[in-house]
Amino acid sequence: NKYLVSVFTADMKGSGTDADVFLNIFGENGDTGERRLDSDKDNFERGSEDKFTIETPNLGRLRKITIGHNNRGSSAGWFLDKVMIDDMGNKEVYEFPVNRWFAMDEDDGKIQRDVLVGSMQPMGIIYNVQVMTGDIRGAGTNSKIHMVMHGSKGLRNSGKIFLEGGAFERALIDIFNVEICELISPLSRVTIGHDNGAVGAGWYCEKVVIYCPFTGIEQTFPCGMWLDEDEGDGLIERELYEMVSLRQKKHKKYPWSLWIWTSDIKGAGTDAQVFLQIYGEKGKSDEIKLENNSDNFEQGQIDKFMIEMPDIGRLLKLRIWHEKRNPFAGWHLAK
């Protein structure tokens, strides 16, 4: 089956990218696997539409896409407007509105996102991933590390996730919050590997620990092996299986999508640190510090956050405040 993919880069300053862009399309019958989107022309320039054809067995009804880039090049940041996919075999067109930055220094710092069909704000499920590098000589690496999380029946997976910003140094634990659209916890296995792309690329992975607040399940996947072409069996990607005796059950938390509108009047924005606490019929949330990588709470702006709370029942009220430490702390909040 053929899928015609149209990628729309937003028409705003700095929105284009020179990085390599990757796409995985998920349908009810499976997924395409990660495909690099490349053609003869200079793709993903400001305000442009780029078209690509992907051939794959029939995926059935499309559910979501995973799209992102590898952060290569001097101006890697990218503002993606939307993706349209024309399923030519089944004569159906799907729209995936995105309208977000894919940049480590903008918005929430993500360079890869899951997008559901027709959704403006994917209801993401956060997985807390801890990756431990072994405490032996030469264990660390500068290669790019990636992983795939596999669901219990092995049918659903997260697609390839690049663990950006980690140190992967000897005896260190790197922590990532990975957001995907699907609840696949408890996991059956984890694939972890690297691109072999640096001097001294080999890496000794001790273990991976993954906690899903949505199910309250924490799972440990031991490795204790080299991912190195010159060590042991030479593999640079491995399948890891859970040590079930180490599984822990914690209090569940639920993800909520929070949108905050700053009024569009002169001087409405604030540079102060903003906090939020939410009260429900069964209790209240912790005090939540609102921050992401963008300049938040500017005049006329909408800021979007993912927050996690225990089950507090039906929401009754909220308290929102800031630390008025600097001269421009005053803030006019619309809703």
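Is Arg-170 buried, partly exposed or exposed? In this predicted model, Arg-170 is partly exposed, with a relative accessible area of 44%. Its salt-bridge partner offers a good way into the structure, and the passage below moves from there to the sheet, the cores and the aromatic rings.

Arg-170 forms a salt bridge with Asp-135, and the closest N and O atoms of the two are 2.9 Å apart. Asp-135 lies in the loop between β10 (125-133) and β11, whereas Arg-170 lies in the loop between β12 and β13, so this pair ties together parts that are 35 residues apart in sequence. Asp-135 is exposed, with a relative accessible area of 53%. As background, side chains of opposite charge can pair when their charged atoms come close. In total, 26 salt bridges were counted in the model.

Glu-182 takes part in two of the salt bridges described here, one with Lys-64 and one with Arg-156. In the bridge to Lys-64, the closest N and O atoms are 3.5 Å apart. Glu-182 lies in the loop between β13 (173-180) and β14, and Lys-64 lies in strand β6 (residues 62-69), so the pair ties together parts that are 118 residues apart in sequence. Both of these residues, Glu-182 and Lys-64, are buried. For Glu-182 the relative accessible area is 7%. In the bridge to Arg-156, the N to O distance is 2.8 Å. That pair also links distant parts of the chain, since Arg-156 sits in the loop between β11 and β12, 26 residues from Glu-182. Unlike the buried Glu-182, Arg-156 is partly exposed, at 41% relative accessibility. Elsewhere, salt bridges with shared partners join Arg-100, Asp-107, Asp-108, Lys-110, Arg-113 and Glu-179 into one network.

Attention now turns to the strands. An open sheet is built from four strands in the order β12-β11-β14-β17, with antiparallel pairing. The edges are taken by β12 (161-162) and β17 (237-241), each of which has a single partner strand, so one side of each is left without a neighbour in the sheet. Within this sheet, β11 (residues 145-150) and β14 (residues 189-194) pair in the antiparallel sense over six bridges. One residue to follow by eye is Met-149, whose bridge partner in β14 is Val-190.

Met-149 is also a useful guide to the interior. The largest nonpolar core has 26 residues, and Met-149 is among those with the most contacts inside it, together with Tyr-127, Val-129, Met-147, Leu-163, Ile-192 and Ile-210. At least two residues of this core come from each of β10, β11, β13, β14, β15 (203-212) and β16 (217-227). Strand β15 gives the largest share, five residues. Apart from neighbours within four places in sequence, Met-149 is in contact with residues including Tyr-127, Ile-161, Val-178, Ile-180 and Ile-210. Arg-156, the salt-bridge partner of Glu-182, is also in contact with Met-149. A second, separate core of 23 residues includes Val-7, Leu-23, Ile-85 and Val-115. In soluble globular proteins, nonpolar side chains tend to be buried together.

How many aromatic pairs does the model contain? The count comes to 12 aromatic pairs. One of them joins Trp-78 and Phe-102 in a tilted arrangement, 5.5 Å centre to centre and with 45° between the planes. Trp-78 belongs to strand β7 (residues 78-87) and Phe-102 to strand β8 (residues 92-102), so this pair links distant parts of the chain, 24 residues apart. Trp-78 is buried, with a relative accessible area of 0%, and Phe-102 likewise counts as buried at 0% relative accessibility. Ring pairs link these two residues with Phe-44 and Phe-52 into a cluster. Trp-259 and Trp-261 form another tilted pair, with ring centres 5.9 Å apart and planes at 40°. Here the residues are partly exposed, with relative accessible areas of 30% for Trp-259 and 28% for Trp-261.

Finally, the unreviewed UniProt entry lists residues 1-116, 125-241 and 254-335 under "domain: PLAT". Over residues 1-116, the chain in the model is 0% helix and 53% strand, and the end C-alpha atoms are 21 Å apart.

How values were computed: Residues are numbered from 1 along each chain as its sequence is written. This is a predicted model: local features need pLDDT of at least 70, side-chain atom pairs count only at pLDDT 80 or more; totals for chains, interfaces and linings use all residues. Side-chain values use heavy atoms; hydrogens and water are left out. Two strands pair if DSSP finds at least two bridges between them. UniProt positions are given in the numbering used here, feature names are shortened, and annotations may be inferred rather than shown by experiment. A salt bridge is a side-chain nitrogen of Lys or Arg within 4 Å of a carboxyl oxygen of Asp or Glu. Buried means under 20% relative accessible area, exposed over 50%, partly exposed in between (1.4 Å probe, protein chains only). A nonpolar core is a set of buried Ala, Val, Leu, Ile, Met, Phe, Trp, Tyr and Cys residues joined through side-chain atoms within 4.5 Å. Contact means heavy atoms within 4.5 Å. Rings of Phe, Tyr and Trp (its six-membered ring) pair if their centres lie within 6.5 Å; planes under 30 degrees apart count as stacked, over 60 as edge-to-face and the rest as tilted.
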